[in-house]
Every structure is written in C-alpha cells, then in structure tokens.
2 protein chains.
Amino acid sequence: MPSDTKARIQAVARELFVQQGVQNTSLRQISERLGITKPALYYHFSSREDLVRSIVQPMVEDIERFVTTREPGDARELLKDYFDLIWRHREVLVMLMRELETLGYTDMAERMFSWRRRLILLLFGPGVTPEQQIRATMALGGMSDCSVEYAHLPVEEVKPTAVESAAAALGLS
Amino acid sequence: MPSDTKARIQAVARELFVQQGVQNTSLRQISERLGITKPALYYHFSSREDLVRSIVQPMVEDIERFVTTREPGDARELLKDYFDLIWRHREVLVMLMRELETLGYTDMAERMFSWRRRLILLLFGPGVTPEQQIRATMALGGMSDCSVEYAHLPVEEVKPTAVESAAAALGLS
DNA sequence: GTCTATACCTAGATAGAC
DNA sequence: GTCTATCTAGGTATAGAC
C-alpha cells in the first residue's frame, strides 16, 4: 500500500465540506483532524482547489455521462433514473449548489445549466414550449429539493412519491 | 437629508452580494465602489454581519408575516400568493439559499425549515401524510427554482404555469 | 512521504485626527 | 461623517530538513 493518506484526506475533507460548507473549511481543520500537518496536504494536492475538484469530479462525470449518453424515451423512466442519479450524489450536489457562487474555480454554473437544458430536450424534444420548460424546472428542481430535504430517509420512502409528483408537475397524464 | 450614505452602502452591498455571493464580497470592495474607505462603513454598520443582516431583514419579516398570519384555506390560492412572495424577494432568497451554510450568523436554516413546515400545515392541515409532505416539497421547492431560473422574465410568463404545475405536483385535482 | 518553520496575503476591525 | 494608520487573526502556500 503506497499511501492511503490521499484517500483519507479526501474522506475527511468531503465530510467537512458537506457538513459545514467548503468555504468554512480550512486546510488547517482538515489536517488537524487527520493528525497531520497542513504542508502534508500540499504533498497530495497541489492546492485547495485541487482537493475540492477531486471530490466533486466523480459526480460531475456521472451526471455528464447520463445527460450525454441517454437516448430520448419514456419520460417517466427518465424521471426515475434521474432521481437515482441525483440521490446517489445528493451530498456533494447540495454542497455544490449551496456554494455555486463562491466556488468560482470551474464553470460549474454554466455546466449545470447545460445539463438542465439537455434533460429538458430529452423530456420534450426540440420543439419544447416555454410552458414545458417551466414545468420541467418544477419537476427536476423539485426532485433535487426532495433529495436534499429527505436525504436521511430510505430511498423507497421518497422516490416513488417524488417521481409521481414530478410526473404530475410535468403534465404527464 | 441627514445621510443617504447608509442607503447607498446597502444598495451597493446588495448588488454585489446577489451578483457574486456574500462570502466573495469584501468590505473593501464595497467601500471602493462607493468611493469611500472601509472605516467609513463601520460608522454606519457595526460589523459586516450587521450589514448583511440589514439586507436580509426585509425578506425575513415579509415571509415571517406570511406564514404566521395566513389562515388555512384554498390550496391553489395559497400557492399563488406564496409565489408572489418568493418572486418579490427572489434575488435575496437565492443569495441566502446559496450560502446557507456559510452564513452561520443566524438561525436561518432552522427558520426556513419552520416556514416550510408551517406552509405544509396550511396546505394539508395537521394530519399531513409523508406522501403529502414530499409533494409539498416538490411544489414549493419547484416554485422557488422557477423564481430563480426565470427571474429575468416578466411574472405573467412564469407564474400561471408554475402555479398550475405546483398544483399538479401537490395532487390537486 | 511527512515534518518544522515561515513567508505572505487579505480580511475584519479599531484608534484617533480632522 | 470620513479619513490615515494600524492591529490581529486566519488563510494559502513554499523552502528545506528528516
């Protein structure tokens, strides 16, 4: 085992970032909790931003894959799978959305908008109306909110109702 | 006119806070844009927190008034009025939600939860089921998202569809 | 691969002159 | 009511020993 320190840093950082926000977490705090020193962090991550990025990356790639490879199809099925997607990453997603502005280190905001656009396209096709866009925002945004607000519950107690409600918001029969 | 400086400070601060986040806005930046010095700010506001609070306060009071004085009644009417409420304060609301964690200076998070609970109570009464709670989150959260995402459009182009969709998400006939 | 020590910056905040 | 000057705390980051 060459070094699991890197992984341990990520685990602790992730926990603190989610718990108290990225901006409110200092490298000192992370290193202290691990029993190592600040400079030791810099051996594994070239900068604070590098560390943050490494934690966000898996989620970004997963969502990116979803919105780019998905073929148009049954809307309700898409809602279900999309719910699973955001549920899986709900902790990091919350962290990210809460600090979108303060995390200027990427083009995250623009990226998330493009995900949303792509999803709407998948739901309604290219001839989407303004009304359908609003309904899509209601449905997709509402599901995100549910993933956050009921994050502590088992999925089965949230997903069915959330998906059903989202379908209704969309205007599906 | 004894001093409109205070108001000018608030106007500039508000703009910067909304634009780039509270955490990313320093007192130096605010004072520079106004052509005054940092210490001058401290004459009008006893601390940075005091300034932030003064900008959030009007929204807090408005929402507080809504959720405490409102009588139970027609759900769709409530959705409409609630939409107007958050639409009116959408800029500050976004700012606040984006930085809930980083703004540890108040009990904001808890407060917003209690608003949500009170609204759900108004919508479904005391015997609310878990399913209805999820649907309420979908409806109310979705409307917030719409206020943010379509903030630049005229209300009339957003509100009717958003309210209609929220009603459907709630499960109203 | 991890430490000690430290440089350097920027932030919020205060003292006291005008 | 606003200024100059300054303090202090905390952050990121680096140099170099072990």
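How do the residues of the surface near DNA strand C divide into nonpolar, polar and charged? I started my notes with this one, keeping in mind that the model is predicted. I get 8 nonpolar, 7 polar and 3 charged residues for that surface.

**Entry 1: the protein around strand C**

I listed the 18 residues around DNA strand C and looked for those that come nearest. They are Thr5(A), Tyr43(A) and His44(A) from chain A, with Tyr42(B) and Arg48(B) from chain B.

I then asked which helices each supply at least two residues of this surface. In chain A it is helix H3 (38-44); in chain B I noted helix H2 (27-34) and helix H3 (38-44). H3(A) gives the most, with 4 residues.

**Entry 2: backbone or bases**

I looked at the atoms of DNA strand C within 4 Å of the protein. Sugar or phosphate accounts for 61% of them, and the rest belong to bases.

Next I went through side chains at the phosphate oxygens of strand C. For His44(A), I read 2.5 Å between a polar side-chain atom and a phosphate oxygen. For Tyr43(A), an N or O atom of the side chain is 2.7 Å from a phosphate oxygen. On chain B, I found a polar side-chain atom of Arg28(B) at 3.1 Å from a phosphate oxygen of the strand. Tyr43(A) and His44(A) were already on my list of residues that come nearest to strand C.

**Entry 3: chain B against chain A**

I turned to the protein-protein interface. I count 36 residues of chain B in contact with 36 residues of chain A. The area buried between the two chains is about 3000 Å², and carbon and sulfur atoms give 59% of it.

How many salt bridges does the rule find across the interface of chain B and chain A? It finds 2. I looked up one of them: Arg116(A) pairs with Glu149(B), and their closest N and O atoms are 3.3 Å apart. For polar contacts I have 8 residue pairs between the chains, both residues at pLDDT 80 or more.

I checked which helices of chain B each supply at least two residues of the side that touches chain A. My list reads H1 (5-20), H6 (90-98), H7 (108-124), H8 (130-149) and H9 (159-170). The largest share, 13 residues, comes from H8(B).

Last, I sorted the side of chain B that touches chain A by class: 14 nonpolar, 12 polar and 10 charged residues.

Note on methods:
Residues numbered from 1 in each chain as written. Chains lettered and ligands numbered in written order. Predicted model: local features only at pLDDT ≥ 70, side-chain atom pairs only at ≥ 80, totals over all residues. Heavy atoms only, no water. Contact = heavy atoms within 4.5 Å. Buried area = accessible area lost by both parts, 1.4 Å probe. Salt bridge = Lys/Arg side-chain N within 4 Å of Asp/Glu carboxyl O. Polar contact = N/O pair within 3.5 Å; in protein donor to acceptor, adjacent residues only side chain to side chain. Nonpolar A, V, L, I, M, F, W, Y, C, P; charged D, E, K, R; others polar. Near = heavy atom within 4 Å.
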